[in-house]
Protein chains: 4
Amino acid sequence: MVNVGIIGASGFTGAELLRLLPAHPDLNVKLVTADSQAGVAVADLYPNLAAAYGDMAFERLDLDNVAQQVDGLDLIFMGLPHGASQLIVPQIRGKVGHIIDMGADFRLDDEALYPEWYGEPHQAPELLGDFVYGLPELFRSDIAGAELVAAPGCYVTTATLTLAPLVKAGLLEPQGIVVDAACGVTGSGRGAKAGNTFCAVDENFAAYGLMRHRHTPEMQMAIGRHAGTEVQLLFTPHLLPANRGILATCYARPTAGTNSESLMAALHAAYDAEPFVVVSERSPSTKAAMGSNTAHLTAMVDDRTGWAICLGALDNLTKGSSGQAIQCANLALGLAETIGLPTVGVAP
Amino acid sequence: MVNVGIIGASGFTGAELLRLLPAHPDLNVKLVTADSQAGVAVADLYPNLAAAYGDMAFERLDLDNVAQQVDGLDLIFMGLPHGASQLIVPQIRGKVGHIIDMGADFRLDDEALYPEWYGEPHQAPELLGDFVYGLPELFRSDIAGAELVAAPGCYVTTATLTLAPLVKAGLLEPQGIVVDAACGVTGSGRGAKAGNTFCAVDENFAAYGLMRHRHTPEMQMAIGRHAGTEVQLLFTPHLLPANRGILATCYARPTAGTNSESLMAALHAAYDAEPFVVVSERSPSTKAAMGSNTAHLTAMVDDRTGWAICLGALDNLTKGSSGQAIQCANLALGLAETIGLPTVGVAP
Amino acid sequence: MVNVGIIGASGFTGAELLRLLPAHPDLNVKLVTADSQAGVAVADLYPNLAAAYGDMAFERLDLDNVAQQVDGLDLIFMGLPHGASQLIVPQIRGKVGHIIDMGADFRLDDEALYPEWYGEPHQAPELLGDFVYGLPELFRSDIAGAELVAAPGCYVTTATLTLAPLVKAGLLEPQGIVVDAACGVTGSGRGAKAGNTFCAVDENFAAYGLMRHRHTPEMQMAIGRHAGTEVQLLFTPHLLPANRGILATCYARPTAGTNSESLMAALHAAYDAEPFVVVSERSPSTKAAMGSNTAHLTAMVDDRTGWAICLGALDNLTKGSSGQAIQCANLALGLAETIGLPTVGVAP
Amino acid sequence: MVNVGIIGASGFTGAELLRLLPAHPDLNVKLVTADSQAGVAVADLYPNLAAAYGDMAFERLDLDNVAQQVDGLDLIFMGLPHGASQLIVPQIRGKVGHIIDMGADFRLDDEALYPEWYGEPHQAPELLGDFVYGLPELFRSDIAGAELVAAPGCYVTTATLTLAPLVKAGLLEPQGIVVDAACGVTGSGRGAKAGNTFCAVDENFAAYGLMRHRHTPEMQMAIGRHAGTEVQLLFTPHLLPANRGILATCYARPTAGTNSESLMAALHAAYDAEPFVVVSERSPSTKAAMGSNTAHLTAMVDDRTGWAICLGALDNLTKGSSGQAIQCANLALGLAETIGLPTVGVAP
């Protein structure tokens, strides 16, 4: 058994790990930390977990003795607000075998992007190069056996899985892409704020973070790295009145000769052997992915207007976060990549 | 008092007229037809209307004696499935003072577009030129006093109000525009079908009608007519898990010199005097428009990628259909344009 | 014109007044106070109101000079958290013609119930007897011309309209009644808290406030006062994944000879002349009432088990709060009771 | 491996079996029949299942050669509309080892209840006595090794798990019980009808089937059989604007000496060893159960009014149908009862 700790376990990505891990035969949760919820039983904060976690309670992270607190753990998942991992990873690195960070702290390879898009300089830039990027379908060999993994989040995973193979195949122009996306409210986290109350979201639909959403440069980086070219895109997120699910509707200019068939062929070539990607002619729907680690993709060219339309859907908490983190953990640990991860969605 | 008939009153656009008309002091509903619901009390099909319509019941439209059935009516609203108005208007034209059609049968000026986008030739092409296009903010003078009005629907109204003044002002390139939009489920009508059941839509989000949605040529026509130029655009609708509301997130290439300020200035210039349009820096939300006849608009240029982003939101059943039809009726009848129409939305 | 102030205008009951008042020809909003939102434009907090309120902004209530701040106002609506009205009413009473309080501070006639159910003694018990109870259908003559009105809230209005005429007619036993009810999330107010976030409520259903909900004694008082008897009931509220709407499903023991016909006859006798009550055989639905000031009621006896089932539905923010407050204001001012109030619901 | 067939696989209970079975190591789906969807790929009707079912398509049930069609199967699940199993079971009994029926055809032990509550006489009454009742927590020994199992549905499972141990312990009067319940829209099946369209349900709440819901006598039978007494109850279902989930809020008269502590003690005694039941002081919520096979229960006595309030929540498609059917299949086959069944819910 692999002894696992979750630092930042009370947020939605932590809760999703706790939901998934009972089905994993090899990972054994030994430590769950959550400062604001320290002392609270897992079952009281998340009654959906009551049957599996008995009396387990969240513990406070002891920043002065983190190394001691994680002693004996083989792998740590981190589900913290942006900025927090930068302070903790330097303390625990080397004390545990593997760290899978679900936040953005170690995803960008260019240190300069942090002040530009996150508003503050990185606190541990020397570690940026030590993390591998945890998107298994595109960077699997980097992740196998890795010590430090920065797993991408929901928007980036969706856009990158959808677009990267097509750009890499030279079928789409890498500049001027539009990623128009919508994500369920779990994407905004557990904390109550004016913008995520039921009455603010229910029966509503609006764009947010216009032109300046933080995940824009990461999309450009991830697609560009896979494709081996510079990518520039505009990203427009919308808040969807749903708990989970993300859909990216992407518009790009096809290169000469690209048509619907060549786009689909490239998606099939990239993903037909992947256990967590479904490529089909169906218009991807968020509900098909609900609760699963599966992404659903399609693409086509509109001959009339000369646009390529590429769509991808997945569950933002599973393939878009915690499911992907477990997939990375499996790879890092040398386990079968699919262990413990559902491929079918909870619908209807 | 103006005696009003609603032909096709049991569908959602008919029901929305019935919801709005009790607040209108000058329009008096005398006839409501609905073949599939003939004999059913309005209050039984729509309990929300019970307090205003007492024992009024839907009647069957007598196609052999339509002229007699509408005798004495001053104005008729038509809320029929596509194709039906083409058969009825020739029979009742001239028998009543004004006909406001909420369907698409008489919106397109080019007869050839019907077989191309609707799959069948038009049955009364000689009447196409007699209808004026019922979008008051852009074609008000055409509608004043008009006998025959074809009022545009939700997607077209939203995209056209958002984009037309900007294209007309020469701020946006008229080609290569993307209209990425989402609409609540009332947009798919009252009839039960697999795609509009609760379990198909709730907690779901997906695109539909990819590349071939029928309202595409109408958007191009309406924006182009107002702007005096040829417009080409790609329209991608999505089904929103909400009863009402439509949001269009539009992407276009700004012309040289266009910036966020000039876009906003053009919107303010076009709409500040309009009672049913709100232009602001806020990201438009469907919920702000819910139940009202008001459209909410904004626009900006992303200097980094060189895209203009133009957003518009409204209630698909009100400003996107029945409210707009009443606005047109007011104009056609020479009444004050705002009578009987709410400007504030029902939120939260 | 009647000059109106709203003290506590930024909460949901205040916002609902602001939504309804543009349709009222005689009430003119001159002052909107909201301490936490002082300085914020009404249109920024509630974009649905943008078309009607221009640049109007919330003001801070100046507790040291309240009398001066309300100078010139004819009528004040109060939409404050429990306890706040008790402190303010003594300062403004007599400075304005009428005060309509939408909170619970002056609803109970028995001072001793406040510490028992609200956890603290009343701060102005000498005023309790000066307020009339603002449920027009049952206590209309008390409200006509009244200076001080305490309008009941959503749960109490629903249960009381449903049960009071039946208990008064001697058709139901006044003891052992169960009021099992569900209310949309607007009932929990605008402030963000763990329990009203989207992800806590959406796709969820649970009871809360079991056995001890504060509105229990008020239901007993209101039904009992109208019926002239002592009433004892158990009230179980549930949180409904919807913005608005309240449904009460009530169970009571019929007295000897009571049957479905006598229950319906009593409801018809009580309400057929009422503009805001619909009695029918239909099972009342919250959506029928949405956005309207109308309550929908029915009742029946199950011969098999000997239970009477009495159901009522209304919009918790309209008939259950702000619409009712305007109805009371109309009565207090001597205006027609229905002015400015919608009877039809916004559906679908 | 156990070869499994699902007759009636395209409905929601069939789809839920298909969702759950990929996680079951011993059950192998070999046949899925669905007449209205014959020839359709599972993945096209249910895209959430695409990653697990490849090209598997629904087959037409050949009523003339059913025995041949099921040849080689060890176990059959039946997910048919009421009445259909009565015609098929006589043909396949003995041809397969085990039949688990998820419909109501073989649940009632009293043949006379079928015409009274279902409107028509039973077609195979001689088989009623051969089926065991598939509620494992209360009738486990009957199910172990059973050939024919009639698994109860959502409402009955919820009410019975909540009330039966308390009635059996003599803590509640078995007469005059009220079961007030709400269920998500999956409870009404996959077929599109006016009552389950999105716009009919969303933002709505209403009771249905008042006094005459078909599952009433089954609740009385199941509770009464476990408790060894005659039970009479009134059942009032409501339609919840959610995909899944059922909550029963039950009211009963406590016997002398019963208090909250004795109710909770009885629930703990009955269920603390059960893997799929959580007893706690928390108010049960449907969301906690979502997608899991777990029921959440609590109970209390209100000393003021003398009512016992007993609440239970579960997922109507999992523990309320297909999860329970798999639990029964495990017992019938002699496998570990919990194999393949999730205990944690998908939340948020």
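# Notebook: chain pairs and salt bridges

I began with Glu337(B), which I found in the segment after helix H13 (318-333) of chain B; helices here are DSSP runs of H or I with at least four residues, strands are runs of E with at least two, and both are numbered from the N terminus. Before going on I noted that this is a predicted model, in which local features need pLDDT of at least 70 and side-chain atom pairs count only at pLDDT 80 or more, while totals for chains, interfaces and linings use all residues. Residues are numbered from 1 along each chain as its sequence is written, chains are lettered from A and ligands numbered from 1 in the order in which they are written, and side-chain values use heavy atoms, with hydrogens and water left out.

**Entry 1: around Glu337(B)**

I looked up whether Glu337(B) is buried or exposed. Glu337(B) is buried, at a relative accessible area of 13%, where buried means under 20% relative accessible area, exposed over 50%, and partly exposed in between (1.4 Å probe, protein chains only). Leaving aside neighbours within four places in sequence, I listed the residues in contact with Glu337(B), and these are Pro136(B), Arg140(B), Phe276(B), Gln327(B), Asn330(B) and Leu331(B); contact means heavy atoms within 4.5 Å.

With Arg140(B), Glu337(B) forms a salt bridge whose closest N and O atoms are 2.7 Å apart, a salt bridge being a side-chain nitrogen of Lys or Arg within 4 Å of a carboxyl oxygen of Asp or Glu. This pair links distant parts of the chain, since Arg140(B) sits in helix H7 (residues 136-143) of chain B and Glu337(B) in the segment after H13, 197 residues apart. Arg140(B) counts as partly exposed, at 29% relative accessibility.

**Entry 2: other salt bridges**

Over all chains, I noted that the structure holds 44 salt bridges. In chain C, the side chains of Glu218(C) and Arg107(C) meet in one of these, at 3.3 Å from N to O. Glu218(C) lies in helix H10 (residues 216-227) of chain C and Arg107(C) in the loop between strand S4 (98-101) and helix H6 (113-118), so this pair ties together parts that are 111 residues apart in sequence. Both Glu218(C) and Arg107(C) are buried.

In chain D, I found Arg140(D) and Glu274(D) joined by a salt bridge between their side chains, at 2.7 Å from N to O. Arg140(D) is in helix H7 (residues 136-143) of chain D, whereas Glu274(D) is in the loop between helix H11 (260-271) and strand S11 (277-279), so the pair ties together parts 134 residues apart in sequence. Arg140(D) counts as partly exposed at 28% relative accessibility, while Glu274(D) is buried at 11%. I also noted that, in chain A, salt bridges with shared partners join Glu16(A), Arg19(A), Arg244(A) and Asp315(A) into one network.

**Entry 3: chain B against chain A**

Chain B can be laid on chain A by a turn of 180° and a shift of 0.0 Å along the axis, with an RMSD of 0.0 Å; copies are superposed by least squares on the C-alpha atoms of residues with pLDDT of at least 70 in both. In chain B, the C-alpha nearest that axis belongs to Pro241(B), 3.4 Å away from it.

How many residues of each chain are in contact? I read 47 residues of chain B in contact with 47 residues of chain A. The two chains bury about 3,800 Å² between them, 58% of it on carbon and sulfur atoms, buried area being the accessible area (1.4 Å probe) that two parts lose on being put together, summed over both. Glu203(B), Phe205(B) and Arg304(B) supply 18% of the area that chain B buries against chain A, more than any other three residues. Between these chains I recorded zero salt bridges.

**Entry 4: chain A against chain C**

A rotation of 180° with 0.0 Å of shift along its axis superposes chain A on chain C, with an RMSD of 0.0 Å. That is the relation of a two-fold axis. The contact takes 16 residues from chain A and 16 residues from chain C, and the area buried between them is about 1,200 Å², of which carbon and sulfur atoms give 70%. On the side of chain A, Phe198(A), Cys199(A) and Asn243(A) lose the most area to chain C, together 52% of what that side buries. For this pair of chains, too, I recorded zero salt bridges.
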